[in-house]
Amino acid sequence: SPMAKLPFSCRMVQDAAKADVELSGKTAPKDGKYEVLYPVCLPDQGTFEWLDMFLEKNPDYIELSDRKILEWAEASGIFRPKPYGQTAPGFSKDRPDLSLGNPPLDEFSIRSIMRAIAPTLQRNI
């Protein structure tokens, strides 16, 4: 039994109403193996333009990058002292300066969490 009654209740994703969720419709590869793609490009020479084009044509792939970490932080409403989209001197799109004031994010320890979770996603990366 619970130690104390909480002022709210939590529901699991399985209990969500169909109107409240969006099904991805993804299908597993025929051979059951997912792909990992490592684009190799020169810094600031069109890497992310190519990647954006690739992801648009291949929506079954997801991006795991420093740029995506910054996008997720912005979408999550994490405060950033300088505006999102502003690049600090010495940084590039390839290696953005997070400067969120949140040590686990600023120190990129979130990368190790992403590396641990990625194999469980059953997605092309």
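Here is a walk through this structure, from its overall layout to its salt bridges, its main pocket and a patch on its surface.

Keep in mind from the start that this is a predicted model. The protein has 125 residues, and 22% of them are buried. As for its building blocks, you'll find 4 helices and 0 strands. Follow the chain along its sequence and the pattern reads α-α-α-α.

Let's start with helix 2, which covers residues 66-75 and includes Asp-66. Is Asp-66 buried or exposed? Its relative accessible area is 6%, and buried means under 20%, so Asp-66 counts as buried. Asp-66 also has a partner worth finding in the 3D view: Asp-97 sits 31 residues away in sequence, yet the two C-alpha atoms are 9.1 Å apart in space.

Now for the charged pairs. Side chains of opposite charge can pair when their charged atoms come close. How many salt bridges does a search of the whole structure find? It turns up 4. Take Arg-67 and Asp-52, whose side chains meet in one of them, at 2.7 Å from N to O. This pair ties together distant parts of the chain, with Arg-67 in helix 2 and Asp-52 in helix 1, 15 residues apart. The two ends have their own surroundings: Arg-67 is buried, at 15% relative accessibility, while Asp-52 is partly exposed, at 38%.

Arg-67 has another salt bridge to show you, this time with the side chain of Glu-63, at 2.8 Å from N to O. Glu-63 has a relative accessibility of 7%, so it counts as buried.

Moving along helix 2, there's a salt bridge between the side chains of Lys-68 and Glu-71, with an N to O distance of 2.9 Å. Both of these residues belong to helix 2, and they sit 3 residues apart, which is about one turn of the helix. Glu-71 is partly exposed, at 35% relative accessibility. Going back to the pairs around Arg-67, shared partners join Asp-52, Glu-63 and Arg-67 into one salt-bridge network.

Next, the empty space. Rolling a probe the size of a water molecule over the atoms shows where such space is left. The largest pocket holds about 860 Å³. Two elements give two or more residues to its lining: helix 1 (47-57) and helix 4 (110-117). Which residues lie nearest the centre of this pocket? They are Leu-37, Tyr-38, Pro-39, Leu-64 and Ser-65, out of 25 residues that line it. Helix 1 provides the largest share of the lining, with 5 residues. Sort the lining by class and you get 17 nonpolar, 2 polar and 6 charged residues.

Finally, take a look at the surface. Leu-37, one of the residues nearest the centre of the largest pocket, turns up again here, where Leu-37, Trp-50 and Met-53 form a nonpolar patch. Together these three have about 260 Å² of accessible area. Met-53 lies in helix 1, the helix that gives the largest share of the pocket lining. How accessible is Met-53, and what does it count as? Its relative accessibility is 43%, so Met-53 counts as partly exposed.

Notes:
Residues are numbered from 1 along each chain as its sequence is written. This is a predicted model: local features need pLDDT of at least 70, side-chain atom pairs count only at pLDDT 80 or more; totals for chains, interfaces and linings use all residues. Side-chain values use heavy atoms; hydrogens and water are left out. On a 1 Å grid over the protein atoms alone, a cavity is a set of points where a 1.4 Å probe fits but cannot get out, and a pocket is an open set with protein on both sides within 12 Å along at least five of seven lines; lining residues have an atom within 4 Å of a point. Grid points are joined across faces, edges and corners, and a volume is the space filled by probe spheres set on the points. Ala, Val, Leu, Ile, Met, Phe, Trp, Tyr, Cys and Pro count as nonpolar, Asp, Glu, Lys and Arg as charged, and the others, Gly among them, as polar. Patches are made of residues with over 30% relative accessible area and no salt bridge: like charges are joined within 9 Å, nonpolar side chains (Val, Leu, Ile, Met, Phe, Trp, Tyr) within 5 Å. Accessible areas come from the Shrake-Rupley method with a 1.4 Å probe; for residues, only the protein chains shown count as cover. Buried means under 20% relative accessible area, exposed over 50%, partly exposed in between (1.4 Å probe, protein chains only).
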